[in-house]
Amino acid sequence: MKRSINIFEFPLNLGLTKKEHETEPGVRKLPEWLRKFGFHSRINPANVFRLEAPEYSMDFDEESKVRNADQVIEYAKQQADCILHHYEKNTFNIILGGDCSILIGNAIALKKLGNFGLFYLDGHTDFIPPELSETGGAAGMDLAIITGTGHQKLTNIDGLKPYLSEENIFCCGNAETDDKEYVDQIINSNIHYFDLYHLRENGFRKTAEDFLTMVNNKGLDGFFIHFDVDILKDELMPAVDSRMEDGISYDDLREMLEPLFENPLCFGIEITILDPDYDENGTYTHPFADNLIQIIKNKEE
């Protein structure tokens with residue numbers, strides 16, 4: 001059965017710490033930027049919903065040790081409400097960020113809908129407590145927050161901790177493997193962890209299929225995909241906040257996403273971190289949009 005598509009735009013950039021040359025991180029422009037490349041018109045969604053984000057700030061919250069914590073929490077609640085208000089069964093949801101902290105609001109919505117799995121595609125693990133963060137940015141610890149690591153005010157919004165269970169998550173693609181303390185955090189968790197090397201070794205399609213087997217065996221209500229574009233090779237997508245040289249190709253991405261998209265339990269995908277300010281001519285965004293649209297369209301055939 002062909003599923004209708006809804007697009008949600010959550011242009012939040014409060015989870016990132018701005019660089020010295022920036023007035024604010026440009027990821028907030030991502031939805032409009034993709035629209036310029038025909039993403040919306042070619043996907044042809046049934047609906048487009050948008051939640052405007054607060055103005056950028058660099059407030060450091062002493063209580064949680066996370067920048068802009070109160071604004072991130074408030075936005076996450078509004079996000080969850082927006083998703084639940086417009087939720088339609090048998091609809092595929094494309095959620096455009098924004099930075100990775102939009103996962104918090106999305107995960108809260110999923111928790112309210114049932115017991116969900118997460119296929120986490122990212123060039124980093126984003127699984128650290130605030131004390132290991134150099135920036136205090138929520139986007140660098142979103143996976144930790146949604147599974148219950150960190151201050152209660154972020155991890156236990158509306159008493160829903162954890163929003164997603166560690167054992168129901170595959171974290172795939174981390175290329176930041178030279179920092180032992182960083183990597184040890186996720187190794188010592190119950191998350192199914194495939195760094196970039198192990199992802200290649202296990203096989204891209206097989207890893208996605210292994211995840212689907214877990215979802216079925218556990219009888220989960222559904223699953224969600226997080227896609228931080230910094231998982232792509234730097235030559236394909238350098239327009240990101242934290243560049244890593246190594247990464248996956250578009251063929252690798254297709255191998256993983258196609259079986260996930262085809263599964264009726266797939267709630268949808270969030271796309272984060274593509275920064276238009278680092279791709280002013282669209283050199284990298286154009287092929288990105290083309291490839292992603294093709295993968296999404298293939299699921300309907």
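This is a short walk through two helix pairs, two cysteines and one loop residue. Keep in mind as you look that the model is predicted.

Let's begin with helices α3 and α4. Helix α3 covers residues 69-85 and helix α4 covers residues 102-113, and their axes come within 8 Å of each other, crossing at roughly 45°. How should we describe that arrangement? Angles under 35 degrees count as roughly parallel, and 65 to 115 as roughly perpendicular, so α3 and α4 are called oblique to each other. Their crossing is right-handed. If you zoom in on the place where they meet, you will find Val72, Ala76, Gln79, Ala80, Ile83 and Leu84 on the α3 side. Facing them from α4 are Ile102, Ile104, Gly105, Asn106, Ile108, Ala109, Lys112 and Leu113. Sorted by type, the residues of this contact are ten nonpolar, three polar and one charged.

Now move along the chain to a second pair, α10 (residues 250-262) and α11 (residues 285-298). Here the axes come within 9 Å and cross at roughly 30°, which makes α10 roughly parallel to α11. This crossing, too, is right-handed. On the α10 side, the contact is made by Tyr250, Leu253, Arg254, Leu257, Glu258 and Phe261. From α11 come Pro287, Phe288, Asn291, Leu292, Gln294, Ile295, Ile296 and Asn298. Nine of the residues in this contact are nonpolar, three are polar and two are charged.

Next, let's turn to the cysteines. How many disulfides does the structure hold? The count is zero. Cys82 is in no disulfide, and the nearest cysteine sulfur, in Cys266, is 18 Å away. Cys82 counts as buried because its relative accessibility is 13%, and the cut-off for buried is under 20%. What about Cys100? The closest cysteine sulfur to that of Cys100 belongs to Cys171 and lies 11 Å away, which is too far for a bond, since a disulfide needs the two sulfur atoms within 2.5 Å. Cys100 is buried as well, with a relative accessible area of 2%.

Our last stop is Ser165. Where does it sit? Ser165 is found in the loop between α6 (152-155) and β7 (169-174). Its relative accessible area is 22%, so Ser165 is partly exposed. You can also compare its position with that of Thr91: the two residues are 74 apart along the chain, and their C-alpha atoms are separated by 23 Å.

Definitions and conventions:
Residues numbered from 1 in each chain as written. Predicted model: local features only at pLDDT ≥ 70, side-chain atom pairs only at ≥ 80, totals over all residues. Heavy atoms only, no water. Buried < 20%, exposed > 50% of the residue type's maximum accessible area, 1.4 Å probe, protein only. Axes fitted to C-alpha atoms, helices over the stretch in contact; angles between N-to-C directions. Helix = DSSP H or I, 4+ residues; strand = E, 2+ residues; numbered from the N terminus. Parallel < 35°, antiparallel > 145°, perpendicular 65-115°, else oblique. Left-handed = near helix turned anticlockwise from the far one by under 90°. Contact = heavy atoms within 4.5 Å. Nonpolar A, V, L, I, M, F, W, Y, C, P; charged D, E, K, R; others polar.
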